[in-house]
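Here's a quick briefing on a protein chain you may want to look over before setting anything up. Have a look at the structure first, then read on.

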Amino acid sequence: MTDLETQLTTLEQAAQQTISDAADLDQLEQHRIQFLGKRGQLSQILKGMGKLDAADRPRIGAIANQVKEAVQSCLEQKRSDLQNEQIQARLASETLDVTMPGTYTSQGHVHPLNGMIDLALDVFVGLGYTVARGPEMESDYYNFQALNTPPDHPARDMADTFYLPDGNLLRTHTSSVQIRYMEEHDPPIRIVAPGRCYRRDTEDATHAAVFHQIELLAIDKGLTFTDLRGTIKVFLERMFGDVPIRFRASYFPFTEPSAEVDVQWKGRWLEVLGCGMVDPNVLKAVGYDPEVYTGFAAGFGVERFAMVLHQIDDIRRLYTSDLRFLKQF
Ligand code: DAH
């Protein structure tokens, strides 16, 4: 074996070892230059070719070529290995684990009073009623006078409220929406009006100075107390199930006749709403002819319904924003 042959074999082995140890593509490039570059080790060895016997040259030339190709393919192999490793490393570091549980953020939910309002409105919308709303700050006219309750009327005593410096007041009931709606619309009318109401009440387990009502109004030709009773019965059945109900004669300035309705709930009669046939004076106040149109109205407290249905013992729980309480609904 010639000296050159030995050098070539040694180079091949050294190159293979070095290349396979390359840590990254930069190092690999350094090794390529080191072994196969213009001034690299292979070129250095081949410079000795001139000194060879002519007979040896082709053989050594062939060996040199084999070594070059071997080193080249070794470089290629290592390059593709390193590139693969790089891709795998990137994939690993950028992997998105779609099975990982998300970050939990509490969703919150509807307040029991709003839930109650939604439930009631759903029933009436199902019966063909439209949802109407009115302002919480009212004039004496809409809250009392147009509802057949003149300034000296005794019924005002039960509904003292907050008066504003300009003579307006905070509405004591949603009945004021009846007047506002009838002023703007011609019969037939079927509305349901939810909203906040105010009274100068001392707070206790069953009274709040700020509370919610839902008002009902239907005006048409030929509406009778039977229509009122049927409507109320359907509504209460949807809210309480098939429980006994009773109508008790009562008095409201804006209805004649008037009634209060009780449901039998857990062995007791519970008063749940007021209602009646709209008083002719109310129809006159909005310019309707009471000889042509009749109608019925009803109003009930949202808190009362929520307390009965959810067995809440104190109305104030509904306003304290205590999540331990609210989360139960
Ligand atoms: N506005 C009455 C109240 O606050 C409730 C009421 C009773 C409304 C009879 C009505 C009704 O529409 O017809 O106590």
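What follows is a short tour, from the overall layout down to a couple of single residues.

Keep in mind that this is a predicted model. The domain assignment splits the protein chain into domain 1 (3–93) and domain 2 (112–326), and the C-alpha centres of the two lie 95 Å apart. With a radius of gyration of 46 Å, the chain is a long way from the 20 Å or so that a compact globule of 329 residues would have.

**Overall shape and make-up**

- Along its principal axes, the C-alpha trace spans about 135 × 45 × 45 Å.
- The secondary structure adds up to 11 helices and nine strands.
- Of contacts between residues at least 6 apart in sequence, 65% join residues at least 24 apart.

**Surface and charge**

- Buried residues account for 42% of the 329 in the chain.
- The exposed area comes to about 18600 Å², and carbon and sulfur atoms supply 50% of that.
- On the charge side, you get 33 positive and 46 negative side chains. The centres of those two sets sit 5 Å apart.

**Helix H7 and its cover**

- H7 runs over residues 176–184, and its buried residues are Ser176, Val177, Gln178, Ile179, Tyr181 and Met182.
- Several strands help cover those buried residues, including E2 (137–138), E4 (189–198), E5 (210–220) and E9 (294–301).
- Helices pitch in too, among them H6 (140–143) and H9 (280–285).

**Asn148, in a loop**

- Asn148 sits in the loop between H6 and strand E3 (169–170).
- Leaving out neighbours within four places in sequence, Asn148 is in contact with His153, Pro253, Phe254, Asp279, Asn281 and Val282.
- Going back along the chain, Met100 is 48 residues from Asn148 in sequence, and their C-alpha atoms are 66 Å apart in space.

**Ile63, in helix H4**

- Ile63 belongs to helix H4, which covers residues 57–94.
- What does Ile63 touch, once residues up to four places away in sequence are set aside? The partners are Glu5 and Leu8.
- Ile63 and Glu5 are 58 residues apart along the chain, yet their C-alpha atoms are separated by 7.5 Å.

Technical notes. Residues numbered from 1 in each chain as written. Predicted model: local features only at pLDDT ≥ 70, side-chain atom pairs only at ≥ 80, totals over all residues. Heavy atoms only, no water. Helix = DSSP H or I, 4+ residues; strand = E, 2+ residues; numbered from the N terminus. Rg over C-alpha atoms; globule rule 2.2 N^0.38 Å. Buried < 20%, exposed > 50% of the residue type's maximum accessible area, 1.4 Å probe, protein only. Contact = heavy atoms within 4.5 Å. Areas by Shrake-Rupley, 256 points an atom, 1.4 Å probe, with all protein chains shown as cover. Lys, Arg positive; Asp, Glu negative; His and termini not counted. Charge placed at Lys NZ, Arg CZ, Asp CG, Glu CD. Domains from an automatic or database assignment.
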